Amino acid sequence: MPEPTKKEEWSLGESPVGEEQDKQNANSQLSILFVEKPQGGTVKVGENITFIAKVKAEDLLRKPTVKWFKGKWMDLASKAGKHLQLKETFERHSRVYTFEMQIIKAKENYAGNYRCEVTYKDKFDSCSFDLEVHESTGTTPNIDIRSAFKRSGEGQDDAGELDFSGLLKRREVKQQEEEPEVDVWELLKNAKPSEYEKIAFQYGITDLRGMLKRLKRMRRVEKKSAAFAKILDPAYQVDKGGRVRFMVELADPKLEVKWYKNGQEIRPSTKYIFEHKGCQRILFINNCQMTDDSEYYVTAGDEKCSTELFVREPPIMVTKQLEDTTAYCGERVELECEVSEDDANVKWFKNGEEIIPGPKSRYRIRVEGKKHFLIIEGATKADSAEYSVMTTGGQSSAKLTVDLKPLKILTPLTDQTVNLGKEICLKCEISENITGKWTKNGLPVQESDRLKVVHKGRIHKLVIANALIEDEGDYVFAPDAYNVTLPAKVRVIDPPKIILDGLDADNTVTVIAGNKLRLEIPISGEPPPKAIWSRADKAIMEGSGRIRAESYPDSSTLVIDVAERDDSGVYHINLKNEAGEAHASIKIKVVDLPDPPVAPTVTEVGDDWCIMKWEPPAYDGGSPILGYFIERKKKQSSRWMRLNFDLCKETTFEPKKMIEGVAYEVRIFAVNAIGISKPSMPSRPFVPLAVTSPPTLLAVDSVTDTTVTMKWRPPDQIGAAGLDGYVLEYCFEGSDNWLPANKDLIDKTKFTITDLPTDSKIFVRVKAINAAGASEPKYYSQPILVKEIIEPPKIRIPRHLKQTYIRRVGEAVNLVIPFQGKPRPELTWKKDGVEIDKNQINIRNSETDTIIFIRKAERSHSGKYDLQVKVDKFVETASIDIQIVDRPGPPQSVKIEDVWGENVALTWTPPKDDGNAAITGYTIQKADKKSMEWFTVIEHYHRTNATITELVIGNEYYFRVFSENMCGLSEDATMTKESAVIAKDGKIYKNPVYEDFDFSEAPMFTQPLVNTYAIAGYNATLNCSVRGNPKPKITWMKNKVAIVDDPRYRMFSNQGVCTLEIRKPSPYDGGTYCCKAVNDLGTVEIECKLEVKVIYQGVDTPGQPVFLEGQQQSLHNKDF
């Protein structure tokens, strides 16, 4: 028999072409899980092949379930072993599951159709593929037909091989009446390949594939056996419970025979009976069961022969036939039959096509013992057909008719108007429990997380959560299989809403003055609401004004082109549509730079500091004042300097590091969140001043019964504020009440406290006052007793009066003679023992001294003056010699004693009036008779005779002489009465030879510098004189630093007099000045101190300076 072609041949587990194609079409529609499907392949016998399937796990929460099938129903998971291995892996990066099925050492019976199914929850996917197994090249080995039917899985070595016979069910075609026993081998030999499976099902063949293999090998010629004259048939068949007979005939009856079943020797028993008839050896197997369906062989010597025993189950009969059924669409239909055996294998057919149930199938099969049910859920018209059931022993069929029920609309859909965000629920009820379709505006409705289609019995709902504007439309529900529609109109409205999420908690909008405000407020509502803006009950219109409103579909905008302060206020927005109204208030705050503060006030000043206060600005710009910046400048300067870089939170500030005595101004800037204001007006100019140090050396000068006179020395440190005066205070012992002794400031360092109780004790203190205030007081260390003490008089003649006091005529005489004595002494003056004429000489007495004053002295005022000081009985005397001198008179006579050569001898007599002073010398002059121009010949000549030399021969001369004393030359001179003629006598006069005189001299100051006080603002000069040869170079220095190219100083040098002019000095210019003279012979320096005082007038408040009128501007050195 020729081997059938591949197209005609289909093995067990494969389905007919039409049915398999339908399943593949269904699987292709559900191919939603596979990323890579297994592909069919070809392998040779004994080789390996692997099939791979990949599933994407990106949307899966857990691993999917994968099953591999051979044919229609055989699950290969139970067949895993040495010939079949299943493996799965997972790639985390790509999230792909890989499933592999590997067939090892393939055999010919492994060929066929395979299927891979993957499921995950409600998702399902499958794929079919074919495996072809070809014999390896070369000579085909001999195959024993008995070994072709061997079994697997019964504890033998071949367990795990892909033998599928165990999964086949024994079926038998229903027989209406007894039929003769059929030889299945003959049927298979003569049948077409397409009928193999039908024959196997009808006759209960369990290993169809093995039988087909044996059919291929039956044509082979078996070689003759030496042990067996007749061998076993290739196969035997027996019904379950029957008896089978195996018989072989031996060539040698002496050979020992052993029977085996699946390789195990069979021992005699009631089931297995052995018979020997000559050369025949017979084995009987009684009461055959399914376990006896095995391979059997017999051995004789070294040879053996084998066979297969197939045990056939008895046919299964249909004991209760199917019945024709009529149903309506949507109903549950059950077709029922009953068979003769429990749990029998039954196949259901629809119009001749087998019904294969599955996860997605509408058909479900239920078995309850002998009863079998075909259940159709929700029957439709397509389910009307002829249904049949087939068993191994019979079949039954019936017709199912499915019709539509008359449909009634119990609850129609109603039009709905819902608010935005609410739930839309379209509900209808019909008389039948059937499905239907929902459409919106003619398009099918797609379910989503928000839109749900609910079908519960006869009730159909379309539920839309959180209605949106796009949900508005015409909805229609159409029941399936009926030409009926249920329409409804849905309208979504939304009350107007004002969305203020972008504003702060109190709905305040801040804008900077001068900027444009465009306040866009999102609004919502369906239909779109109308927006109206207003302020203070006055509507803001749309247009082109500076303040206007603009409307848009989803927002309303308030526009202020150039914001002003007056635009601040509450603005209202009102929305209105048919769904309702909405109202909101928005506060617009226009902020600006703050106004400048008022000019600050300087309340107190110190040596380098002051305390200033100010008031906050009247308008803070709509934003709180964050702080202030403070600047200062010198009065005469234009450059302001900032004093703080961190904001000052208070309204007081203390500038420091100022220069004492220099006038300053301060101003304030206010700062808010917008920026810095303009500066305030400058404060009144002020000068940092310090109080002086306390007065020094406070002592008691005198005490009487009612007065106490105190004296003291000025403070050591006075400073730029100068010293305005002193305040003397006292308090009685046992009291803390200090009383001022003087109502007005006193300039002197001595004051008498009057009207004191006698015998009382007082404490005294003194304060120095200047423009900066009062200094620390200087206390007298102990209490003073107010009681007069007699002190003997004592005259203290100044040192310069202890010798003759000389003055020139016309000069003033002012002599101060200090004395002591208590109580006040009595004074008496006498001149040359006679009382002084007070009309010519003024006498002024005080408690501590007496003064002789002569406005214009005359020579008659010369004489001895006696002073007498008397206290009680005590007397003290002293004398003073006063000499008033004048210029002397001329000499009494001048005579020419002799003339010789170029010489003239003169003699004269002293003057009659020496001017009340000794004659210190004479001055001799000559004059040519021709011109009578006088020339001095000799000065400061002490003798009364002289020789005049180097006269010109031939000339005639006159001579005159002046007297000289301490007051100078006499006003007139005495001239010779006759002249002296220098005759030409021919004598040659040789001038004497003199050596050159060396005039070189090291520098030397002839007039030193003296300590000087200067007034600030007025030019001051320092003078000294120096001589030296060669002329020395003069350098001026201040505090050891040379003064070079400084415009504040001017330096002059004229005839050895050196002058340094300081232009408009300030306290800063005070210090030690030095004049340095240098020439080749040496260097000399001289120093002096310059103190610059500032003049002030009065004190109004502590630390507040008040300037003299007209002097305020000059006290500030603009160059400083």
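Between which strands is the loop that holds Asn 1039? Asn 1039 is placed in the loop between strand 81 and strand 82, the latter spanning residues 1041–1042. The structure is a predicted model, and its backbone at this position has a notable dihedral angle: phi of Asn 1039 is near 50°, a positive value in a residue other than glycine. With a relative accessible area of 41%, Asn 1039 is partly exposed.

A second residue can be described in these terms. Asp 872 has phi near 55°, again a positive value in a residue other than glycine. The loop that contains Asp 872 runs between strand 67 (863–871) and strand 68 (874–885). Asp 872 counts as exposed, because its relative accessibility is 55% and the exposed class begins over 50%.

The overall composition of the chain gives these loops their setting. The protein chain has 4 helices and 86 strands. Of its 1120 residues, 41% count as buried. Its accessible surface comes to about 61900 Å², and carbon and sulfur atoms account for 48% of that area. Among contacts between residues at least 6 apart in sequence, 65% join residues at least 24 apart.

The interior may be considered next. In soluble globular proteins, nonpolar side chains tend to be buried together. The largest nonpolar core in this model has 29 residues, of which Phe 51, Val 55, Trp 68, Met 101, Ile 103, Tyr 114 and Leu 131 touch the most other members. Two or more residues of this core come from each of strand 3 (49–56), strand 4 (65–70), strand 7 (96–103), strand 8 (112–120) and strand 9 (123–134). Apart from this core lies another, of 24 residues, with Leu 503, Leu 519, Ile 540 and Ile 588 among them.

Ile 103 offers a view of the surroundings of one member of the largest core. Beyond its neighbours within four places in sequence, Ile 103 is in contact with Glu 47, Asn 48, Ile 49, Phe 51, His 83, Leu 84, Tyr 110, Tyr 114 and Leu 131. Phe 51, Tyr 114 and Leu 131 are thus contacts of Ile 103 and are also listed with it among the core residues that touch the most other members.

Tyr 475 provides another buried site. This residue is found in strand 35, which covers residues 473–479. Tyr 475 is classed as buried because its relative accessible area is 1%, whereas the limit for that class is under 20%. Residues up to four places away in sequence aside, Tyr 475 touches Leu 426, Thr 439, Lys 440, Leu 462, Ile 464, Leu 486, Pro 487, Ala 488 and Val 490. The side chain of Tyr 475 also has a polar atom 2.6 Å from the backbone oxygen of Asp 471. Between Tyr 475 and Val 445 the C-alpha to C-alpha distance is 9.0 Å, with 30 residues of separation in sequence.

Asn 577 is a buried residue whose side chain makes polar contacts with the backbone. Its place is in strand 43 (residues 569–577), and its relative accessible area of 12% makes it buried. The side chain reaches the backbone oxygen of Asp 494 at 3.1 Å, and a polar atom of that side chain lies 3.0 Å from the backbone nitrogen of Ala 579. Not counting residues up to four places away in sequence, Asn 577 touches Asp 494, Pro 495, Pro 496, Gly 525, Glu 526, Pro 527 and Pro 529.

Two of these partners, Glu 526 and Pro 527, are joined by a cis peptide bond, with omega near 0°. Pro 527 is in the loop between strand 38 (517–526) and strand 39 (530–535). The peptide bond from Asn 1029 to Pro 1030 is also cis, with omega near 0°. In this instance Pro 1030 lies in the loop between strand 80 (1020–1029) and strand 81 (1033–1038), and strand 81 also borders the loop of Asn 1039.

The remaining sites concern partly exposed residues. Thr 603 lies in strand 45 (residues 601–605) and is partly exposed, with a relative accessible area of 36%. Its C-alpha is 10.0 Å from that of Phe 686, although the two are 83 residues apart in sequence. Ile 1015, in strand 79 (residues 1012–1015), counts as partly exposed at 32% relative accessibility. Together with Tyr 1018 and Ile 1095, Ile 1015 forms a nonpolar patch on the surface, with about 240 Å² of accessible area in total.

Key
Residues are numbered from 1 along each chain as its sequence is written. This is a predicted model: local features need pLDDT of at least 70, side-chain atom pairs count only at pLDDT 80 or more; totals for chains, interfaces and linings use all residues. Side-chain values use heavy atoms; hydrogens and water are left out. Patches are made of residues with over 30% relative accessible area and no salt bridge: like charges are joined within 9 Å, nonpolar side chains (Val, Leu, Ile, Met, Phe, Trp, Tyr) within 5 Å. Accessible areas come from the Shrake-Rupley method with a 1.4 Å probe; for residues, only the protein chains shown count as cover. A salt bridge is a side-chain nitrogen of Lys or Arg within 4 Å of a carboxyl oxygen of Asp or Glu. Buried means under 20% relative accessible area, exposed over 50%, partly exposed in between (1.4 Å probe, protein chains only). Contact means heavy atoms within 4.5 Å. A polar contact is a pair of N or O atoms within 3.5 Å; within protein, one must be able to donate a hydrogen and the other to accept it, and residues adjacent in sequence count only if both atoms are side-chain atoms. A nonpolar core is a set of buried Ala, Val, Leu, Ile, Met, Phe, Trp, Tyr and Cys residues joined through side-chain atoms within 4.5 Å.
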